[in-house]
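Reader: I would like to learn how to read a buried charged residue and an interface between chains. Could you take me through both, giving the general idea before the case?

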Amino acid sequence: MSIELKDVEHLAGLARIAVSDSEKEVLRKDLEDILEYVSQVKEVAAEMGAPKEGELRNVMREDEGAHEGGVFTEDILNQAPAREGNRLSVKKIL
Amino acid sequence: MDIKNLTIKEAHEMLISKKMSVLELAEAVLKIAEDTKDLNAYLEIFDDVRAQAEVAQKMIDEGRATMMTGIPVAMKDNILIKGRIVSASSKMLENYRATYDAGVTKKLREAGAIFVGRTNMDEFAMGGSTETSAFGVTKNPHDITRVPGGSSGGSAAALAANACLGALGTDTGGSIRQPASFCGVVGLKPTYGSVSRSGLMAMASSLDQAGPFAKTVEDTEIIFDCIKGHDPMDSTSYPDELVNQKEFKKPKVIGVPVDFVRAKGVDPRVLKNFEESLEAMKKAGYEVKEISLPTLAHGLSVYYILMPAEVSSNLARLDGVRYGYHADGANLLEDYMKSRGEGFGREVRRRILLGTYVLSSGYYDAYYGRARAVQEMLKRDLAEAFKEVDIIATPTAPTPAFKIGEKSSDPLSMYLADIFTVPVNIAGVPAISIPCGFVEEDGSKLPLGMQFIAPHFAESSLFAAGKDFEETQK
């Protein structure tokens with residue numbers, strides 16, 4: 001399992017995490033070691049004839065009994081780094 | 001007042017018979033918390049403890065007391081208490097205030113428990129030592145040069161130092177049991193779905209579970225009885241009928257997965273202590289049976305695929321826009337990159353990248369898909385084993401508490417400290433860690449833990465065997 005610096009950069013981009021140049025090599029090595037260790041699941045699954053999928057499923061419910069609008073607005077918006085009235089404020093994207 | 005060996009049960013009796021007031025108890029706890037501040041077990045001691053004590057005293061005086069009324073408890077810093085800062089020991093949420101109560105908070109509050117403060121932890125519960133906390137490591141009360149374990153290390157250390165009578169933690173891969181073992185207290189990871197996850201900061205949602213720390217098995221049961229139960233706010237919490245349906249059967253047969261327990265990397269002193277503990281259980285009337293569970297050894301690999309996958313999805317919500325740390329960049333994309341790059345510590349960044357990798361197109365089947373398949377095998381094998389034995393025993397951790405800094409630069413060796421606890425979360429079954437003696441090192445007595453694992457919803461078997469085990473340790 002070989003991980004290259006450009007893989008680290010690609011993953012960091014996908015995950016929206018800025019990574020310094022000095023940290024990239026450390027992360028590359030860590031990811032390589034960890035992936036090598038966890039890769040044993042591939043052989044184990046094949047050897048022991050594991051089922052293809054598990055039983056996890058989504059649990060859904062009706063959207064009912066909703067609270068009155070606006071009762072949590074202040075509490076929640078007070079935690080936002082920047083707001084304009086009852087909206088979150090972000091930089092222009094277009 | 002000396003509260004050093006005071007249990008919740010004893011404190012309850014003293015409060016009910018008016019031999020002690022809630023305020024006296026709270027003051028005694030606060031004094032210890034202040035005197036042991038250097039441990040860095042608490043990130044914050046709440047300023048309203050005395051006011052909470054008054055409310056609890058009123059409940060007692062009016063005859064509305066429960067077992068938890070007036071009992072001072074510590075809360076891990078990833079459990080929401082409305083209006084209080086809850087930071088997950090991360091710079092990302094350093095100033096974040098909870099907008100609602102967690103399910104477990106609500107239950108403790110209604111029962112009249114007193115929240116002493118919030119305890120230090122590994123950042124977003126990612127780690128086994130509290131060393132990844134953005135606010136400094138917690139020291140082990142048994143030897144301050146060593147870690148208390150983690151991620152719920154602050155809760156375990158606060159209890160071991162007598163700075164509370166009980167505590168809550170969360171356990172995704174051993175984060176309650178391993179620190180309980182390192183600090184010489186009891187820790188329970190309940191059945192997945194038996195305690196509400198509402199208001200716990202999600203790390204790996206399919207594995208996360210809240211649970212108690214206490215000085216005795218009986219106290220652990222008292223807290224568990226208070227916090228368990230169905231919560232409509234958690235879609236994976238089980239209906240009460242299911243949680244309580246299990247008919248109690250006193251456990252008699254203890255299974256020991258010998259190949260797994262004797263894996264390389266396990267401290268010979270831990271193994272010796274484990275054999276002695278099993279002998280003690282035999283004398284107490286239990287049958288000890290060797291079993292073979294080869295899939296347990298793959299639990300850790302499964303865990304380090306499933307957990308980071310869920311971490312990378314769950315932590316996507318922390319974007320520097322809705323709440324939490326914000327760093328300004330030239331445009332919105334840079335805002336995201338900088339906020340997340342600066343707000344998250346190194347271990348969190350590492351796990352998010354790992355999760356992003358195993359979920360990325362082309363690798364999903366090879367990693368996540370395979371890990372899910374092995375997870376099913378592990379569950380199946382465990383279910384088979386429980387047809388022959390009532391509970392399974394392993395050491396809780398392969399070593400006693402390690403030195404601060406010893407493993408912090410080698411993530412894989414840190415992960416291996418979870419080898420015995422992780423398979424329990426993978427299978428969703430309950431397990432308890434109970435103190436089982438000490439090893440001496442550099443003049444310190446370092447606690448060890450015994451782990452008992454039971455089938456889904458059979459916490460009562462853990463408590464029954466656990467109480468018998470405690471008797472053998474006296």
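Author: Let us begin with the surroundings of one residue, bearing in mind that this is a predicted model. Leaving aside residues up to four places away in sequence, Lys76(B) touches Thr119(B), Met121(B), Ala125(B), Ser151(B), Ser152(B), Ser155(B), Leu168(B), Gly169(B), Thr170(B) and Ser175(B). Lys76(B) itself belongs to strand S2 of chain B, which covers residues 72-76.

Reader: Which side chain of opposite charge is nearest to Lys76(B), and how far away is it?

Author: A salt bridge requires the charged atoms to lie within 4 Å. The nearest candidate, Asp122(B), is 7.4 Å away, so that Lys76(B), although buried, has no salt bridge. Its side chain does, however, make a polar contact of 2.9 Å with the side chain of Ser152(B).

Reader: How should I read the area buried between chain A and chain B?

Author: The size of an interface is often expressed as the accessible area lost when the parts come together. Here the area buried between chain A and chain B is about 4700 Å², with carbon and sulfur atoms giving 70% of that area. In terms of residues, 45 of chain A are in contact with 59 of chain B.

Reader: How many salt bridges and polar contacts are found between chain A and chain B?

Author: The rule finds 6 salt bridges across this interface, one of which joins the side chains of Glu23(A) and Arg349(B) at 2.8 Å, N to O. Between the two chains, 13 residue pairs are in polar contact, with both residues at pLDDT 80 or more.

Notes. Residues are numbered from 1 along each chain as its sequence is written. Chains are lettered from A and ligands numbered from 1 in the order in which they are written. Side-chain values use heavy atoms; hydrogens and water are left out. Helices (H or I, at least four residues) and strands (E, at least two) are DSSP runs, numbered from the N terminus. Buried means under 20% relative accessible area, exposed over 50%, partly exposed in between (1.4 Å probe, protein chains only). Lys and Arg count as positive and Asp and Glu as negative; His and the chain ends are not counted. A polar contact is a pair of N or O atoms within 3.5 Å; within protein, one must be able to donate a hydrogen and the other to accept it, and residues adjacent in sequence count only if both atoms are side-chain atoms. Contact means heavy atoms within 4.5 Å. Buried area is the accessible area (1.4 Å probe) that two parts lose on being put together, summed over both.
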